[in-house]
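Here is a walk through one structure, site by site. Have the sequence and the 3D view open as you read.

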Amino acid sequence: MNAASQEREYVSFYKTRKGIASWIFTHDHKRIAMLYFYCIVGFFAVAFLLGMLMRLELFAPGANIISAQQYNAVFTLHGVIMIFLFIIPGIPAIFGNFALPLLIGAPDVAFPRLNLISWWLYVIGGLLALGTLFFGEGPPDTGWTFYAPYSVKTGTNVTIAVLAAFILGFSSILTGVNFIVTIHRMRCHGMTWFRMPLFPWALYATAWIQVLATPVVGITLLMIVAERILGVGFFDPAIGGDPILYQHLFWIYSHPAVYVMVLPAMGIVSEIIPTFVKKSIFGYKAIVYSTLAIAFVGYFVWGHHMYTSGMSGTAVIVFSFLTFLVAVPSGVKVFNWVATMYKGSIDTQPPFWYVVAFIFQFMIGGLTGLVVGALAIDVHVHDTHFVVAHFHYVMFGSTGFIFFGAIHYWFPKMWGRMYNKARANFALLIMFIGFNTLYFPLFIVGMMGMPRRYYDYLPEFTLMNQISTVGSFILAIGFILMTINLIKGARKGEIASKNPWGGKTLDWQTDSPPTLYNFDEIPTVTEGPYIYNK
Ligand code: HEM
Ligand SMILES: [Cu+2]
């Protein structure tokens, strides 16, 4: 090697080319990740505001700021955006795209153009979903689940919303295909399957769910369109259809979809913990197998959404039993994470605190999942605010918090700078207090019998609802503080080194931000991902 080639010229991926076209037609996984980032965060902000609007309406009994029909539209749009545009694509599309090739030592994903198409489909689907606001009879009022036969009959823009979800499904499938091939074909020299870090493993399991389950919902949603436009009698009993069939088809996808939401978050937790505990992860293989087990068992539990819909006694008991099985691999993971922390020298940086908030909130979300998974109890709390509290703890308190934790973890890699850590911790503390004040009272009011999807309630539910709404404001303040801190960090924060956290995975061996193809030459690994003790 001569002296000239050792004087390596560093050009970050932001600087390789300039102009709008170099972004919206880019093939670089990191730029596509950034495109997703800004779109997804934008949609999250919209849906957050819709959530605040509902909380304001629910501050006191009676009609306050919006009508019953507007409330129906708002919770539907909130749910559709949060699910299809934020929590399902969020971690895979942003952090999967950004970090997967870095973590496995690859220059890009296997199909860069397909990756770009996924993003375009995401944008088109998102705009269509928002478009329902502006024409015809306004946004759908069916709830994000589009239950038939009402979804077949309502005059609101169900057709467009359902087509939007269909297109978003395609985006998700293409990302899944891309990740599967990338992980099979593009691992660097020496990276055997069991030397692969755990976030890629989680993305791998997730990708299979995306590829195998999403087509089911795609076809189901097209069936709704066929029924609305052509009057084909799939679901409407008036024309010979069966509404329960819709629920089965819908949940056969949508239950596995909850693992598309949570597995990638668990993968990131398994990256963050070793980095800040400075110890190899406890039970690496147990985590891998539990990831695969969750993805697999998750296919067989969809009936727990339908205990009250009318199924045979045998069917509901079997679904309840299988639901409990999912708790086993989930519990295995929590024990592994805690065991990794045990006797570690913990470096309490902001990403680590996000993990702590995650574990706390995931415990509440997961354990109340067993409560609603238990047949006899669910019949009582089905469609009450207990369920609202449960799924917000899982989706938001767990995956949502790790989404923001992941921003704090890879921030130096993504923006090449560092945020103010004390302020990041403070904002998280406010978010944590706000989140739990917002949702914990809903468990109580749900047990008392307050149904979900109603804009009004009985006077005895007032106190808990008021506490909840106050919580939503605390949470919003926390978010604003976090956002300001991150924007400041990205603009003026101190320049980050390659490896500010002392991580051992390959992402931390690249420049911050990385160059166009990440590595000057494809790396070679000779051992597992989290070897700290030498
Ligand atoms: C990651 C974040 C979030 C996710 C994934 C999420 C998801 C959902 C979903 C799927 C629904 C059900 C919609 C339906 O019944 O069709 C829902 C309802 C609701 N969400 Fe969220 N949400 C999130 C954040 C928030 C926030 C920040 C607030 C408040 C500030 C909020 C307040 C509500 C309310 C009030 C309802 C309606 C309850 C009802 O009347 O049934 N959510 N959310
Ligand atoms: Cu489920």
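## The iron site

In this predicted model, two histidines hold the iron atom of ligand 1: H78 and H392 each coordinate through NE2, at 2.0 Å. H78 sits in helix α4 (residues 68–87) and H392 in helix α15 (residues 385–415), so what we have is a link between distant parts of the chain, 314 residues apart. Six donor atoms surround the iron atom of ligand 1, and with angles of 87 to 180 degrees among them the site is octahedral.

Are the two histidines buried or exposed? Both H78 and H392 are buried.

## The copper site

Now for ligand 2, the copper ion. H255 coordinates through ND1, whereas H304 and H305 use NE2, with distances of 1.7 to 2.0 Å. Along the chain, these donors of the copper ion follow the spacing H-x48-H-H. H255 belongs to helix α10 (residues 243–277), while H304 is in the loop between α11 (284–297) and α12 (313–341), so the pair ties together parts that are 49 residues apart in sequence.

As for solvent, H255 and H304 are both buried.

## The chain as a whole

Step back and look at the fold. The protein chain has 17 helices and zero strands. How does its radius of gyration compare with that of a compact globule? For 534 residues such a globule would come out near 24 Å, and the protein chain has 23 Å, which agrees. Along the principal axes, the C-alpha trace spans about 80 × 50 × 45 Å.

Of the 534 residues, 58% count as buried. The contacts tell a long-range story: among those in the protein chain with a separation of 6 or more, 81% come from residues 24 or more positions apart. On the outside, the accessible surface of the protein chain comes to about 20900 Å², and carbon and sulfur atoms make up 70% of that.

## Two buried polar side chains

Try S171 next, in helix α8 (residues 158–185). S171 has a relative accessible area of 5%, so it counts as buried, the cut-off being under 20%. What does its side chain find there? A polar atom of the S171 side chain lies 3.0 Å from the backbone oxygen of S118. Beyond neighbours within four places in sequence, S171 is in contact with Y36, S118, L121 and Y122.

H385 makes a similar stop on the tour, this time in helix α15, the helix that also carries the iron ligand H392. With a relative accessible area of 3%, H385 is buried. Its side chain reaches the backbone oxygen of P451 at 3.1 Å. Setting aside neighbours within four places in sequence, the contacts of H385 are L58, L442, V445, G446, M450, P451 and R452.

## A tryptophan with some exposure

W208 is in helix α9 (residues 198–230). At a relative accessible area of 36%, W208 counts as partly exposed, because that value falls between the 20% and 50% cut-offs. Once neighbours within four places in sequence are left out, W208 is in contact with I180 and Y299.

How far apart are W208 and V260 in space? C-alpha to C-alpha, W208 and V260 are 9.4 Å apart, with their positions 52 residues apart in sequence.

## Backbone oddities

A few backbone details deserve a look. The peptide bond from A148 to P149 is cis, with omega near 0 degrees, and P149 is placed in the loop between α6 (112–131) and α7 (150–153). Another cis peptide bond joins S512 and P513, where omega is about -15 degrees; P513 lies in the segment after α17 (462–492).

Then there are two lysines with positive phi. K278 has a phi of about 60 degrees although it is not a glycine, and K278 is found in the loop between α10 and α11. K343 also has a positive phi, near 60 degrees, and lies in the loop between α12 and α13 (350–373). Which of these lysines is partly exposed and which is exposed? K278 is partly exposed at 28% relative accessibility, whereas K343 is exposed at 72%.

Definitions and conventions: Residues numbered from 1 in each chain as written. Chains lettered and ligands numbered in written order. Heavy atoms only, no water. Donors = N, O, S within 2.8 Å, 3.2 Å for Na, K, Ca; no water. Tetrahedral: all angles 85-135°; square planar, octahedral: opposite > 155°, others 65-115°. Helix = DSSP H or I, 4+ residues; strand = E, 2+ residues; numbered from the N terminus. Buried < 20%, exposed > 50% of the residue type's maximum accessible area, 1.4 Å probe, protein only. Polar contact = N/O pair within 3.5 Å; in protein donor to acceptor, adjacent residues only side chain to side chain. Contact = heavy atoms within 4.5 Å. Rg over C-alpha atoms; globule rule 2.2 N^0.38 Å. Areas by Shrake-Rupley, 256 points an atom, 1.4 Å probe, with all protein chains shown as cover.
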